[in-house]
Amino acid sequence: MMDTKLLPATPEAIREAAARIRSGELVAFPTETVYGLGANALNPQAVAAIFTAKGRPATNPLIVHVLDAESARPLVTTWPLQAQRLAERFWPGPLTLVLPKSEAVPDEVTGGGTTVGLRAPSHPVARALLEAAEVPIAAPSANRSNHVSPTTAQHVWDDLKGQIALILDGGPTPGGLESTVLSLAEAPPRILRLGLITPAAIEQVIGPVRLPPLKAAREEKQQNAPLPSPGMLSRHYAPKVPLEIGEDTALRVQELVAQGERVGWLTLQPRELDSRNGLVLEMPASAEAYARRLYAALRELEAAEVTRIVVDAPPQTQEWLAIWDRLRRAAASG
Ligand code: TXA
Ligand code: MG
């Protein structure tokens, strides 16, 4: 265990964070999606420490954060026109591009794989940190492995205190869901993880892309091979409590209560539940606000010690795709 500092993200704290990154320590920081757990991407020991702190399997590759396309170039062997166009349209922002890695990127970052995921975050704290550190920063979401991603500094504290040097508190993250991960290392390009940037928005820039398989490769039991993308493991976003999605949730909640369960209910309309039987959290009606709220809501339900989570099925439109993806993963059993 080590002392973990939690500091408001002032210019001074960001300078301290950058110095710690440069000296091989781990720092959690806000991005526009979720909080990341950062290390100097060019320092294999520092990168290895990320896996230890998170309890993450070393075969799961990390996203490397850079300021812009120019600082991405030395980390890859090719920078195709598609990458250039996507970076011009979506960077800085929540799009991760997977490309063949150059020798500058340690194997620790990529889980032994030959490709690297790169993204330029738009959050001002993340950008100030990258500028001050002057190195690319490898950062997965700053949660314990298999827990939901953190959208506040408090979430990071709850998961990683004692494991990391410093948490920069930049307030709640505006996006709330992780970046879209797109592989340009294959043709046609393939979305490996749905995220805040929709497939339709990407297709407007580079034409047709393949979508992730609906039934995620959760049967993937080979632990040794580098995973295509751990976002494809169904349980990756799991809360600690069994979760189900339904249309007629009122009936289902009644049933669970009758069985003695304590129910956490994520609703899309006002609902009533005796506080002895659980907790209702009414969710925002827009996809954007729902995404921003989702992970915090799941953590609140865990903290309220519910034994089951029931979720009102959201609308079936494109903008809800990433939310559906995370809910389905959270609901997948085993
Ligand atoms: O929004 C985000 O992407 C956040 C913030 C901190 O940037 N980061 C994040 O990192 O969600 P992480 O490690 O929790 O998820 C990274 C995802 C995983 O699904 C991983 O498999 C995929 O990106 N990924 C990273 N590098 C890859 C690669 N070389 N090939 C395939 N997938 C890769
Ligand atoms: Mg993660």
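**Burial, cores and ring pairs in a predicted model**

User: In this predicted model, in which helix is A250 found, and is A250 buried or partly exposed?

Analyst: A250 is found in helix α9, which spans residues 249-258. Since burial requires a relative accessible area under 20% and exposure one over 50%, the 29% computed for A250 falls between these limits. The residue in helix α9 is therefore partly exposed.

User: Which residues does A250 contact once its neighbours within four places in sequence are left aside?

Analyst: The C-alpha atoms of A250 and T267 are separated by 9.7 Å, with their positions 17 residues apart along the chain. When the neighbours within four places are set aside, the contacts of A250 are W265 and R271.

User: How is the protein divided by the domain assignment, and how many residues of domain 2 are in contact with domain 1?

Analyst: The assignment gives domain 1 as residues 5-222 and domain 2 as residues 243-331. Their C-alpha centres lie 28 Å apart. Across the boundary, 24 residues of domain 1 are in contact with residues of domain 2, whose share of these contacts comes to 16 residues.

User: Which helix gives the most to the largest nonpolar core?

Analyst: The largest nonpolar core has 74 residues, and the members that touch the most others are W79, W91, L182, I202 and L266. At least three of its residues come from each of domain 1 and domain 2. The helix that gives the most, with eight residues, spans 287-303 and is α10.

User: How many residues are in the other core that lies apart from the largest one?

Analyst: In soluble globular proteins, nonpolar side chains tend to be buried together. Here another core lies apart from the largest one, with A17, V27, L130 and A139 among its members, and its count is 18 residues.

User: Which residues does L266 touch, not counting those up to four places away in sequence?

Analyst: L266 is one of the residues that touch the most other members of the largest core. Among its contacts beyond four places in sequence is Y290, which lies in helix α10. The whole set is L281, M283, Y290, L294, A297, L298, L301, V310, V311 and D312.

User: Why is the pair of W79 and W91 called tilted, and what is the angle between the planes?

Analyst: W79 lies in the loop between α3 (69-72) and α4 (81-90), while W91 lies in the loop between α4 and β5 (95-100), so the pair ties together parts that are twelve residues apart in sequence. Both residues are buried. Planes under 30 degrees apart would count as stacked and those over 60 as edge-to-face, so the pair, with ring centres 5.9 Å apart, is tilted at an angle of 50 degrees.

User: What geometry does the aromatic pair of Y290 and W320 have?

Analyst: Y290 lies in helix α10 and W320 in the loop between β14 (308-312) and α11 (321-331), so this pair ties together parts that are 30 residues apart in sequence. Both Y290 and W320 are buried. With 5.1 Å from centre to centre and 70 degrees between the planes, the pair is edge-to-face.

User: Which elements are included in what covers the buried residues of α11?

Analyst: Eight of the eleven residues of α11 are buried, so this helix is largely enclosed by the rest of the structure. The buried ones are A322, I323, W324, D325, R326, L327, R329 and A330. What covers them includes β10 (190-193), β11 (243-246), α10 and β14.

User: Where does P92 lie, and which residues does P92 touch beyond four places in sequence?

Analyst: P92 lies in the loop between α4 and β5, and its relative accessibility of 41% makes it partly exposed. P92 and D274 are 45 Å apart in space, C-alpha to C-alpha, and 182 residues apart in sequence. Beyond four places in sequence, P92 touches A120, P121, S122 and R127.

User: What radius of gyration does the protein have, and what does the globule rule give for 334 residues?

Analyst: The protein contains eleven helices and 14 strands, and 54% of its residues count as buried. Its radius of gyration is close to the value that the globule rule gives for 334 residues, so the protein is as compact as a globular protein of that length, the radius and the rule's value both being given as 20 Å.

Terms used
Residues numbered from 1 in each chain as written. Chains lettered and ligands numbered in written order. Predicted model: local features only at pLDDT ≥ 70, side-chain atom pairs only at ≥ 80, totals over all residues. Heavy atoms only, no water. Core = buried A, V, L, I, M, F, W, Y, C linked by side-chain atoms within 4.5 Å. Buried < 20%, exposed > 50% of the residue type's maximum accessible area, 1.4 Å probe, protein only. Helix = DSSP H or I, 4+ residues; strand = E, 2+ residues; numbered from the N terminus. Domains from an automatic or database assignment. Contact = heavy atoms within 4.5 Å. Phe/Tyr/Trp six-rings, centres within 6.5 Å; stacked < 30°, edge-to-face > 60°. Rg over C-alpha atoms; globule rule 2.2 N^0.38 Å.
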